[in-house]
Amino acid sequence: MTTAKTPRIDGERLLRRLNDLGAIGAIDGGGCARLALTDADKAGRDLVCGWMRELGLSVSIDAIGNAVGIRAGRRPGPPVMAGSHIDTVRTGGRYDGNLGVLAGLEVVAALNDAGVETEHPLAVAFFTNEEGSRFAPDMMGSLVFTGELPLATALDTVGIDGARVGDELARIGYAGDTPVPHPAPRAYVELHIEQGPVLDHESVEIGVVESVQGISWTEIEIGGVSNHAGTTPMSLRCDPGWAAGSIIAFVRELARELGGSQVATVGRIEFFPNLINVVPERAVLTVDLRNTDETTLQQAEARLHAHLDALRAQEKVTITTRRLARFEPVPFAPEMTALIERHAKAQGRSTRRLPSGAGHDAQILAAVCPAAMIFVPSVEGISHNVREFTPPDQLEAGANVLLSVLCELAGADA
Ligand code: HGY
Ligand code: MN
Ligand code: MN
């Protein structure tokens, strides 16, 4: 009987995998573009599922394309799960999501190398379409995994390019046969970059995530009268372009006025016919509102809709809205945040508790099992940008906290 050694994270191996995955859908500036269910996403999925199999995991793909690799424990039963996502935004970095999945695989590799068994099964997962930027809502795969979003609704979702989730999933070969929703994992832990400036500015090594802030995504379509840019007097215009600009300015001012954690973003805007000498007939834009406090987030939504009412009256435009995503703030269980903090401190890491400004699959899993997140710093808080960066030693530090937390939760050999 070989005696188990102490499992160790191999930072070089983790970095190699991050770079190999980052090379798929690589774009100028060192980032990657792997929008959900595109060919690049497929290529990333194929690579990661290959690594899962090389590590001896039994891999299943479910009906929405979530991939789960399981390492058997001494006892059967619900696994302790690590995971995140490998889809990216169009101008993504190498770490958002990818780190949580590949650090989970690195934990498995470390346990394999050390010959360490666990009492409970260990799972590593990546969830479909966490970003939500091609197909809303975000966290789509984990919402279906937990049963919060019906599979049929997800499969019938049409994206910003007119594609349908179910068709794209079949096209890339990831419409799996594992049924959804899944039985709840025993626990879920997600290592992720902070994507904000706090840890980096305060030179703190590990973020203990206490909650994820509320998210409100709305698509706004404004209809007006297309007209000649040169001949139409300003007093006769019914201009969706101007109305869109008014909304953009309004949400910025609203966030400043509400203060605190309130943020507001117009990230996507389209004009039709989008020509220099034509007053637009139609404008479509999205508003992303977030706040750690649900009541204030609802106030922000109400203020936005009141502004739309004023625009309808003033500019005589038609305005319709479509809710793309809505999540209330999610607190993580105190015993899970305490667990993360204890392991990070035991490894001599500086820690700080903080909310997450970004949405994550962990907030969805928290509805069905004890869930937690470990943050590592993002240099200058940059993310959803090819310049996203976390130094290798900080990636390794995060993976080591993940290793010891998972070992405790899964009952690894001492
Ligand atoms: O939008 C978000 O917070 C995440 O990146 N899906
Ligand atoms: Mn992410
Ligand atoms: Mn993201």
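How is the chain divided into domains? This predicted model splits into domain 1 (11–212 + 330–410) and domain 2 (214–327). Besides that layout, there's a pair of manganese ions to look at: ligand 2 and ligand 3 lie 3.6 Å apart, with Asp96 bridging them. Here's the rundown, going from the domains to the metals.

**Domains and how they meet**

- The centres of domain 1 and domain 2, taken over C-alpha atoms, sit 33 Å from each other.
- On the contact itself, domain 1 puts in 15 residues and domain 2 puts in 9 residues.
- Together the two domains bury about 790 Å², and 65% of that is on carbon and sulfur atoms.
- Three residues to click on are Ala136, Asp138 and Ile160, which supply 40% of the area that domain 1 buries against domain 2, more than any other three residues.
- Don't go hunting for salt bridges between domain 1 and domain 2, as the count is 0.

**The annotated dimerisation stretch**

- An unreviewed UniProt entry carries the annotation "domain: Peptidase M20 dimerisation" for residues 213–311.
- Over residues 213–311, helix makes up 37% of the chain and strand 31%.
- The end C-alpha atoms of residues 213–311 are 29 Å apart.

**Manganese ion, ligand 2**

- Which residues hold the manganese ion (ligand 2)? Its coordination comes from His85 (NE2), Asp96 (OD) and His192 (NE2), at 2.1 to 2.3 Å.
- Along the chain, the donors of ligand 2 follow the spacing H-x10-D-x95-H.
- Distant parts of the chain are linked here: His85 is in the loop between strand S5 (80–84) and helix H3 (98–114), while His192 is in strand S7 (residues 187–193), and the pair is 107 residues apart.
- His85 counts as buried because its relative accessibility is 0%, and His192, at 1%, counts as buried too.

**Manganese ion, ligand 3**

- For the manganese ion (ligand 3), the protein donors are Asp96 (OD), Glu131 (OE), Glu131 (OE) and His384 (NE2), lying 2.2 to 2.6 Å from the ion.
- The donor spacing for ligand 3 reads D-x34-E-x252-H along the chain.
- Glu131 lies in the loop between strand S6 (122–126) and helix H4 (140–146), and His384 in the loop between strand S18 (371–376) and helix H12 (392–410), so this pair ties together parts that are 253 residues apart in sequence.
- Is Glu131 buried or exposed? Glu131 is buried, with a relative accessible area of 8%.
- His384, on the other hand, counts as partly exposed, at 38% relative accessibility.

**Asp96, the bridge**

- Asp96 is the residue that bridges ligand 3 and ligand 2, and you'll find Asp96 in the loop between S5 and H3.
- With a relative accessible area of 5%, Asp96 is buried.
- Leaving out residues up to four places away in sequence, Asp96 touches His85, Glu131, His192, Ile193, Gln195, Ser383, His384 and Glu388.

**What the record marks as a binding site**

- The unreviewed UniProt entry has a "binding site" annotation covering Asp96, Glu131 and His384.
- These residues are spread over 289 residues of sequence, yet they cluster in space, with a largest C-alpha distance of 10.1 Å.
- Asp96, Glu131 and His384 also turn up as the protein donors of the manganese ion (ligand 3).

Definitions and conventions
Residues are numbered from 1 along each chain as its sequence is written. Chains are lettered from A and ligands numbered from 1 in the order in which they are written. This is a predicted model: local features need pLDDT of at least 70, side-chain atom pairs count only at pLDDT 80 or more; totals for chains, interfaces and linings use all residues. Side-chain values use heavy atoms; hydrogens and water are left out. UniProt positions are given in the numbering used here, feature names are shortened, and annotations may be inferred rather than shown by experiment. Helices (H or I, at least four residues) and strands (E, at least two) are DSSP runs, numbered from the N terminus. Donors are N, O and S atoms within 2.8 Å of the metal (3.2 Å for Na, K and Ca); water is not among the atoms, so sites may look incomplete. Buried means under 20% relative accessible area, exposed over 50%, partly exposed in between (1.4 Å probe, protein chains only). Domain bounds come from an automatic or database domain assignment. Contact means heavy atoms within 4.5 Å. Buried area is the accessible area (1.4 Å probe) that two parts lose on being put together, summed over both. A salt bridge is a side-chain nitrogen of Lys or Arg within 4 Å of a carboxyl oxygen of Asp or Glu.
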